[in-house]
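Colleague: I'd like to learn how to read salt bridges, pockets and surface patches. Could you walk me through them?

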Amino acid sequence: MNTESTLPNSVERVDEQRRFREVIEFFGEGRERLAGCTHIPLDPPVAGLVVCPPLFNEYLKNYRREVDLSRALAARGVAVQRFSYRGAGNSDGAPEDMTFESLCADAQTATRRLTEATGVARVAFAGTRFGALVAATVAARCEGAAVVFLEPVLAADRFFAEGLRAKNSAQMMQPPGGGSADGALPSQQHFVEFMKSTGAIDVVGYTLGYGLYGSSSGRTLVDELGSSPRPVLVVRLGAGGPPGRDLENAEATWRRDGFDVHVESAGGRELWWFAISYDTRREEVTPLPRGLADDDPVVSLVSAWLSHNLTGGDGP
Amino acid sequence: MRGPTATTRDETRVLIPCGEHQLSAVSTRPTTAPNGVAVVFLHGGAANSIGRSRLYVHLARQLAGMGYHSLRVDLLGVGESTGPEPSWRLAELATHEPLAVVDWLRGQGLSKYVLAGSCWGARSALASAPAFDGLQGMVLFEPPVRDIEKGQVTASLPGSQFVRRAFTKRVLAGLRDPDRRKRYQRHVVVKARRLLHRSRRPDQARADRGFEARSFIGPLTVLVERGVPTLLFYGEQDRAYEEFTNPAAERLTELLERAGDLVEIILTPGKFHGLGQAEVQRITTEGLEAWLPGRGGVGSPTAESARQSS
């Protein structure tokens with residue numbers, strides 16, 4: 001092997017048993033390309049879905065869930081496009097160059113890739129955590145497009161505040177001298193000022209650029225999705241309990257505007273900003289992500305709902 | 001001369017047969033004159049071929065500028081690979097994957113390689129390493145040292161350390177809490193079972209002196225005997241580093257003394273585990289870039305010559 005590749009640009013796997021194929025590749029016309037995978041039913045697809053992934057550690061944590069979900073949906077006739085934003089995963093680019101607009105542009109590129117590769121006319125959007133904000137923004141540009149939000153971030157500001165709290169928690173675990181001279185933990189305002197002056201900040205090992213922070217600030221899921229009615233599925237992945245007030249308000253707003261909204265809970269246990277979940281009872285580190293079986297509640301909920309909303313089949 | 005950092009235009013997605021399944025991987029080509037050595041990255045739990053904080057993406061693209069090929073691999077059941085999810089148990093390491101990857105590299109004309117693994121992936125790489133002829137070096141990111149099962153971290157401590165820990169203020173205070181009390185009871189039961197098991201195998205128990213790490217020390221010994229350079233990364237606060245420096249690990253201490261410069265250790269501040277600080281990533285990149293040259297590349301001593309010189 002030398003510096004010139006003798007290998008093909010993309011690689012394809014066919015799953016004869018589950019009747020789909022997947023094309024794993026780098027794509028995009030610009031200087032920086034995206035890494036992605038198209039899951040294509042062997043029979044003509046009934047519709048398409050673009051999956052907008054979360055960010056930072058949540059992206060890694062959710063990776064296999066998205067692969068499993070996409071495979072399950074492809075086996076049910078839905079073509080799925082997964083991708084990594086520029087600055088994330090195997091894509092080109094640096095995380096400090098991310099902006100909210102670049103995330104949405106990447107989702108648009110992925111949508112084009114899906115329609116080119118499969119010819120689907122109806123496209124829905126799914127987004128997990130911060131990816132929900134991206135999915136909402138891109139879906140709002142497609143009249144009536146269905147959207148699936150998995151444990152969505154309802155307000156970008158809250159997401160970053162949680163991240164900075166995680167940074168402080170991690171800081172407390174460091175040896176003495178890791179924090180400020182008086183031992184006090186820096187405030188969120190301090191972090192933002194620091195980010196402004198240096199361009200980026202390290203949040204539990206991930207680079208959060210001021211470009212992304214600034215361009216996302218003030219954005220909410222309700223505002224991004226707009227008021228044009230469409231089918232919406234919200235899947236909560238947390239430990240159960242009643243939905244928070246923000247989600248209840250979002251649901252009420254969408255219903256008032258004539259959206260067809262379903263909020264479902266799929267259980268689970270996630271510490272989103274952190275790499276691993278510590279199960280103290282077992283005194284062990286439980287690695288994530290867990291793979292999804294076909295009968296996993298997330299797969300069942302999303303595929304049944306999409307089947308209903310994209311093909312007119314039985315819904316939840 | 002150092003070439004530019006690689007981009008996706010220097011990379012190819014590949015699928016590697018592994019039994020009845022397929023491993024998904026990203027192959028990165030050198031952006032300068034190739035040195036004929038491939039670096040293979042094997043991830044640990046809670047990660048995939050991208051790595052926490054994109055560590056493997058970053059390393060692969062940087063090393064391309066130094067003439068290295070690289071392959072970052074999704075283990076079976078992870079990322080885009082097929083197959084069942086790993087158990088992440090030290091008793092069930094991913095030993096099929098390194099074999100499949102090395103076969104694939106040979107098919108691409110690359111017979112010299114460095115294996116780099118993180119945590120459980122490091123132990124998997126280490127377990128497989130003695131079988132490989134073309135191995136030019138091993139890089140182990142925070143490998144666990146002791147042979148412990150899930151839920152047996154405390155119970156598997158050497159007896160004296162187990163007793164010392166049982167009488168710490170924190171544990172004694174915890175006895176007031178019913179949940180904790182139940183947990184402590186479980187530790188005692190597991191410890192008793194382990195002692196019973198060891199009493200039935202006295203030779204083994206004597207060799208370990210209470211510190212069970214045979215599946216770490218065994219393959220590392222083979223590598224040292226074969227003259228394969230090994231680089232370990234630990235964080236000062238890692239539990240695995242505590243194990244690595246445990247006074248009860250006499251066999252490990254002896255091995256490291258015998259290995260001399262063949263085994264190098266880079267210690268990072270705080271925790272290496274989880275790569276939760278940008279500083280750790282910087283140290284890792286710089287450490288690896290400084291250590292790799294001379295590990296079998298064109299114009300550098302091979303493992304064979306290292307063996308002869310030792």
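Colleague: Let's start with A:E116 and A:R113: what do their side chains form?

Modeller: Keep in mind that this is a predicted model. For a salt bridge, look for a side-chain nitrogen of Lys or Arg within 4 Å of a carboxyl oxygen of Asp or Glu. A:E116 and A:R113 meet in one, at 3.3 Å from N to O. The two sit three residues apart in helix α2 (residues 100–118) of chain A, about one turn of the helix.

Colleague: Is A:E116 buried or exposed?

Modeller: The idea is to read relative accessible area: under 20% is buried, over 50% is exposed, and in between is partly exposed. A:E116 counts as exposed because its relative accessibility is 58%. A:R113, at 21%, therefore counts as partly exposed.

Colleague: Which residues are joined into one network by salt bridges that share partners?

Modeller: That network joins A:R13, A:E22 and A:R71. Within it, A:E22 bridges to A:R13, with the closest N and O atoms 2.9 Å apart, and both of these residues are buried. Another pair to look at is A:R64 with A:D68, where the closest N and O atoms are 3.4 Å apart. Both lie in helix α1 of chain A, four residues apart, and both are buried. Over all chains, the structure holds 28 salt bridges.

Colleague: On to empty space. What volume does the second largest pocket have, and which residues lie nearest its centre?

Modeller: A pocket is open, whereas a cavity is space that a probe cannot leave. The second largest pocket has a volume of about 810 Å³. Its lining has 37 residues, with A:P95, A:E96, B:S53, B:R54 and B:H58 nearest the centre. By class, the lining has 14 nonpolar, 13 polar and 10 charged residues. Elements of both chains contribute at least two residues each, including β8 (200–203) of chain A and α11 (278–291) of chain B.

Colleague: And how many cavities of 30 Å³ or more are there?

Modeller: The count is four. The largest cavity holds about 90 Å³ of space. It is lined by 13 residues, and A:Y63, A:R82, A:F83, A:S84 and B:E80 are the closest to its centre. Six residues of that lining are nonpolar, three polar and four charged.

Colleague: Last topic: which residues form a nonpolar patch on the surface?

Modeller: Look at B:V163, B:F167, B:L172 and B:L175, which together have about 380 Å² of accessible area. B:L172 is in helix α5 (residues 169–174) of chain B. Its relative accessibility is 41%, so B:L172 counts as partly exposed.

How values were computed
Residues are numbered from 1 along each chain as its sequence is written. Chains are lettered from A and ligands numbered from 1 in the order in which they are written. This is a predicted model: local features need pLDDT of at least 70, side-chain atom pairs count only at pLDDT 80 or more; totals for chains, interfaces and linings use all residues. Side-chain values use heavy atoms; hydrogens and water are left out. On a 1 Å grid over the protein atoms alone, a cavity is a set of points where a 1.4 Å probe fits but cannot get out, and a pocket is an open set with protein on both sides within 12 Å along at least five of seven lines; lining residues have an atom within 4 Å of a point. Grid points are joined across faces, edges and corners, and a volume is the space filled by probe spheres set on the points. Ala, Val, Leu, Ile, Met, Phe, Trp, Tyr, Cys and Pro count as nonpolar, Asp, Glu, Lys and Arg as charged, and the others, Gly among them, as polar. Patches are made of residues with over 30% relative accessible area and no salt bridge: like charges are joined within 9 Å, nonpolar side chains (Val, Leu, Ile, Met, Phe, Trp, Tyr) within 5 Å. Accessible areas come from the Shrake-Rupley method with a 1.4 Å probe; for residues, only the protein chains shown count as cover. Buried means under 20% relative accessible area, exposed over 50%, partly exposed in between (1.4 Å probe, protein chains only).
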